[in-house]
Amino acid sequence: MALLCYNRGCGQRVPIFHDRRTTDFSDFLSIVGCAKRRHNSEKPPEPVKPEVKTTEKKELPELKPKFQEHIIQAPKPIEAIKRSSPDGPMTNLELKISASLKQALDKLKLSSENEEDKKRKKTDEIKIGISCKNGGCSKTYRGLESLEEVCVYHSGVPIFHEGMKYWSCCRRKTSDFNTFLAQEGCTTGKHMWAKKDAGENVVPCRHDWHQTGGEVTISVYAKNSLPELSRVEVHSTLLNVHIGFEGEKEFHQNVKLRDVTDVKRIYVTMTATKIEINMRKAEPMQWASLELPAVKKQQKQKDNTTDWAGHGRKAITYFRNLNTV
């Protein structure tokens, strides 16, 4: 039986990869050795393996790292904030006027003298005995002295729903129509002796909104808005915007907000190019949309028909007189 040589590189027992490199294993086996000596038939001793100390198996609690355990509980989910009743009182917000708008309005006043002359000619045509067209005002025109009177009226619109009658601005409900007509106004201003044609001066304005984690901002792009002819009324889930701008133009928008707002932290800023309404959310969460999805139109029309049917001729006569020039 042939003996194997245990010299490295001869018997191919323990190959050493030196500088003569190759990527092919067959070429590697054919490399000629670089040293000469006699063949060695004795097998070298096996390398001594390090002793492995065996330990007794410890129970699982002993193998766990020793530290103080702290149980961390996840915060409880924020309870959903309930929507308040839409019949609550509306808050008339203070309008903050920027310096740019003040400068623009000052320039417009210089060129509005001719328009005032036209308005004076119109007042000369007012007939004695004509009633004021502001809602809730029962005063009649008696002459030039009536132009200086303070008008106490309702700035909102009349609402008749489920047998109840009230104004959208102050929401003092009553079931009696005469009591509704006798309600004193909640806003002061000037008398309006000539009723404007419905929709004559109401124009659309470009408006959009954006939000952050805790705020919602609505922008209405109306140039040279007039603070004395503008108002923003707010409820926790309702927003009524009325803006007068560029002379006699008007913009109206009533928004049923998707979620609840903090009424005490809503601010309105009027600039020369737009009006910004900044609202603080009652709950810091993303709104899926600005407005609450609308209800079914068929049911809403049915309710309105039922409500108006019970008012009789008094309501019809009242609104005819209100719209008569």
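Two strands are taken to pair if DSSP finds at least two bridges between them, and helices (H or I, at least four residues) and strands (E, at least two) are DSSP runs numbered from the N terminus. With that in hand, strands β9 and β10 can be introduced as a hairpin with 3 residues between them. The structure is a predicted model, in which local features need pLDDT of at least 70 and side-chain atom pairs count only at pLDDT 80 or more, while totals for chains, interfaces and linings use all residues. Residues are numbered from 1 along each chain as its sequence is written, and side-chain values use heavy atoms, with hydrogens and water left out.

The chain holds 7 helices and 13 strands. Of its 325 residues, 29% count as buried, where buried means under 20% relative accessible area, exposed over 50% and partly exposed in between (1.4 Å probe, protein chains only). The accessible surface comes to about 24900 Å², and carbon and sulfur atoms account for 53% of this; such areas come from the Shrake-Rupley method with a 1.4 Å probe, and for residues only the protein chains shown count as cover. Among contacts (heavy atoms within 4.5 Å) with a separation of 6 or more, 60% link residues 24 or more positions apart.

Strand β10 makes a good starting point for a closer look. Its span is residues 238-245, and 8 of the 8 residues are buried, so the strand is largely enclosed by the rest of the structure. In a regular strand the side chains alternate between the two faces of the sheet. In β10 both faces are covered, with Leu238, Asn240, His242 and Gly244 buried on one side and Leu239, Val241, Ile243 and Phe245 buried on the other. On one flank, β10 pairs with β9 (residues 225-234) in the antiparallel sense over 6 bridges, and glycine 244 of β10 is the bridge partner of leucine 226. A further antiparallel pairing, over 8 bridges, joins β10 to β11 (residues 249-256), where isoleucine 243 stands opposite phenylalanine 251. Strands β10 and β11 also form a hairpin with 3 residues between them, and glutamate 246 in that turn has a positive phi of about 45°.

The interior can be described through its nonpolar cores, each a set of buried Ala, Val, Leu, Ile, Met, Phe, Trp, Tyr and Cys residues joined through side-chain atoms within 4.5 Å. The largest core has 26 residues, of which Leu239, Ile243, Ile277 and Met279 touch the most other members. At least two residues of this core come from each of α3 (99-110), β8, β9, β10, β11, β12 (261-270) and β13, and β10 supplies the largest share, 4 residues. Leaving aside neighbours within four places in sequence, leucine 239 is in contact with residues including Ile218, Val232, Val255, Ile277 and Met279. A second, separate core of 7 residues includes Cys132, Cys137, Tyr153 and Trp193.

An open sheet of 5 strands, with mixed pairing, follows the order β2-β12-β13-β8-β7. Its edge strands, β2 (95-97) and β7 (207-211), each pair on one side only. Within this sheet, β8 (residues 215-220) and β13 (residues 275-281) run antiparallel and are joined by 6 bridges; threonine 217 has asparagine 278 in β13 as its bridge partner. Serine 219 is also found in β8 and counts as buried at 2% relative accessibility. Its C-alpha lies 5.5 Å from that of histidine 207, although the two residues are 12 apart in sequence.

The structure also holds 5 aromatic pairs. Rings of Phe, Tyr and Trp (its six-membered ring) pair if their centres lie within 6.5 Å, with planes under 30 degrees apart counted as stacked, over 60 as edge-to-face and the rest as tilted. The rings of tyrosine 141 and tryptophan 193 have centres 5.3 Å apart and planes at 65°, so this pair is edge-to-face. Tyrosine 141 lies in the loop between α4 (113-124) and β3 (151-153), and tryptophan 193 in the loop between β6 (187-189) and β7, so the pair ties together parts that are 52 residues apart in sequence. Tyrosine 141 is buried, with a relative accessible area of 5%, and tryptophan 193 is buried at 7%. A tilted pair is formed by phenylalanine 177 and phenylalanine 180, at 5.9 Å centre to centre and 40° between the planes. Both lie in helix α5 (residues 177-181), 3 residues apart, about one turn of the helix. Phe177 and Phe180 belong to one aromatic cluster together with Phe160 and Trp167.
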